[in-house]
Amino acid sequence: MGVKPIKEGVYSVGCVDKSAEYFHGRSYVTRRGLTYNSYLIKDEKNVLIDLVHADFTKEFIANIKEVIDPSKIDVVIINHIEPDHSGAFPEIVRLMPNAQFYGTEKARSGLLKYYGAEAKSWTSVKLGSSINIGKRTLEFIDEPMIHWPDSMFTYSGFDKILFSNDGFGQHYATDKTFDDEVDFNILMDEAKKYYANILWPFGQILGAKLAALKKMNLQIEMIATSHGLIWRKYIPEILEKYVYWAANSCANKVAVVYETMWNSTEKMAQKIAEGITSEGVEAKLFDVTKNDRPDIAAYMLDAKGFVFGSSTHDGEMLPMLAGYLSFLRGSKAKGRAAFAFGSYGWSGEAADEIEKTVSNIASFAPPLKAVFAPTKEELDKCFTRGREFAKKIKGS
Ligand code: FEO
């Protein structure tokens, strides 16, 4: 992104990594790269809001220097300490020894644990507190568990900008700065994928926080997130989507997620999907060995039905499905209908293991199993089960 003025006196000074393939270790595949956004406000006091990944420290400092001598930064605001936003912290502390740092108390102690580094002057902010920096007053909005205990937002009423850190982010690296400069559908797809993979478990807290934010009646002309594009045109659209996702809202559609050894489980998956669509309900097949986990999660976020399949191997489900379900267990999805299926040679535990693993997020109907390769009759049963499941989805 480089340095970009986003409003008079407000600059985007973060870094873009178009070649990034993964986030959170290897668990989040980022086909469109990612960005670490940071913002600098020039006023009577000069303010830096959020930092970047350690690997981008040099580029980040160079960006800051394009706007101001780093030693002239008076205030550093840390909205969140996850290393993608705090990796540059030790160097920032070194370069800005006289700056006053602001963040939650959890942010202060977390930074010390991560880096063994501490700001000389740190103020632990409380819900609703604020600082005056000249023309502007910056308000701190406590947002614990969106998505870490230390998280908060910062709001500038003068600029009508909400600095939302991870909130409303997307892993979408481009040369553009604003939402209306890129393809709307891609932007919303990436925002949904981000929500499903980062924020899904926190829907209940997020819903309450969104309601509280609405009550505050803040004038918001920009949501300056720390990942991806800044929202300015599509603020109502992204807020509406967040309210929808946070409420665990679902559409009449079914994700059929499976892993197969010798294609028998795959044949069952295809017939089940055919049965579902025969009732006019959308069904999407996801082979976990071929589809990206974030894409599957994004589809499941608002799918009313989950169907999971695996061949049985050594008395267990197959490992890539097991890995995916371990992630999904933590999603805290609610009220979904489900069943498991799969082929087996002699014992057939996989479908039962699936149900045990994710019984916390869905109500399971009895499993469907076939020995070795499914016969025509068994495939007909798969079709019928898919059709019956679709009727249940439509009626719920
Ligand atoms: Fe973008 Fe929670 O870090």
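**Close-up views of a predicted two-domain model**

**View 1. Asn217 is an exposed loop residue.** At 58% relative accessibility, Asn217 passes the 50% cut-off, so this residue counts as exposed. The model shown here and in every view below is predicted. Asn217 sits in a loop. Helix H6 (203-216) comes before that loop, and strand S16 (222-225) follows. Thr123 is 94 residues away from Asn217 along the chain. In space, the C-alpha atoms of Asn217 and Thr123 are 26 Å apart.

**View 2. Val307 is a buried strand residue.** Val307 belongs to strand S19, which covers residues 303-310. Its relative accessible area is 0%. Buried means under 20%, so Val307 counts as buried. Ser249 makes a useful second marker. Val307 and Ser249 are separated by 58 residues in sequence and by 18 Å from C-alpha to C-alpha.

**View 3. Val307 has contacts from several parts of the chain.** Neighbours within four places in sequence are left out here. Val307 touches Val254, Ala255, Val256 and Val257. Val307 also contacts Ile272. Three phenylalanines are on the list as well: Phe339, Phe341 and Phe389.

**View 4. Two domains meet in the protein chain.** The domain assignment places residues 4-246 in domain 1. Domain 2 takes in residues 251-395. Between the C-alpha centres of the two domains the distance is 38 Å. How many residues of each domain are in contact with the other? Domain 1 contributes 14 residues, and domain 2 contributes 19.

**View 5. The whole chain gives the setting for the close-ups.** The protein chain contains 12 helices and 22 strands. Its radius of gyration is 24 Å, close to the 21 Å from the globule rule for 396 residues, so the chain is as compact as a globular protein of that length. The C-alpha trace spans about 75 × 40 × 35 Å along its principal axes. Of the 396 residues, 56% count as buried. Among contacts with a separation of 6 or more, 73% join residues 24 or more positions apart.

**View 6. Surface and charge are shown for the protein chain.** The chain exposes about 16600 Å². Carbon and sulfur atoms supply 51% of that area. There are 49 positive and 51 negative charges. How far apart are the mean positions of the positive and negative charges? They are 3 Å apart.

Methods: Residues numbered from 1 in each chain as written. Predicted model: local features only at pLDDT ≥ 70, side-chain atom pairs only at ≥ 80, totals over all residues. Heavy atoms only, no water. Helix = DSSP H or I, 4+ residues; strand = E, 2+ residues; numbered from the N terminus. Rg over C-alpha atoms; globule rule 2.2 N^0.38 Å. Buried < 20%, exposed > 50% of the residue type's maximum accessible area, 1.4 Å probe, protein only. Contact = heavy atoms within 4.5 Å. Areas by Shrake-Rupley, 256 points an atom, 1.4 Å probe, with all protein chains shown as cover. Lys, Arg positive; Asp, Glu negative; His and termini not counted. Charge placed at Lys NZ, Arg CZ, Asp CG, Glu CD. Domains from an automatic or database assignment.
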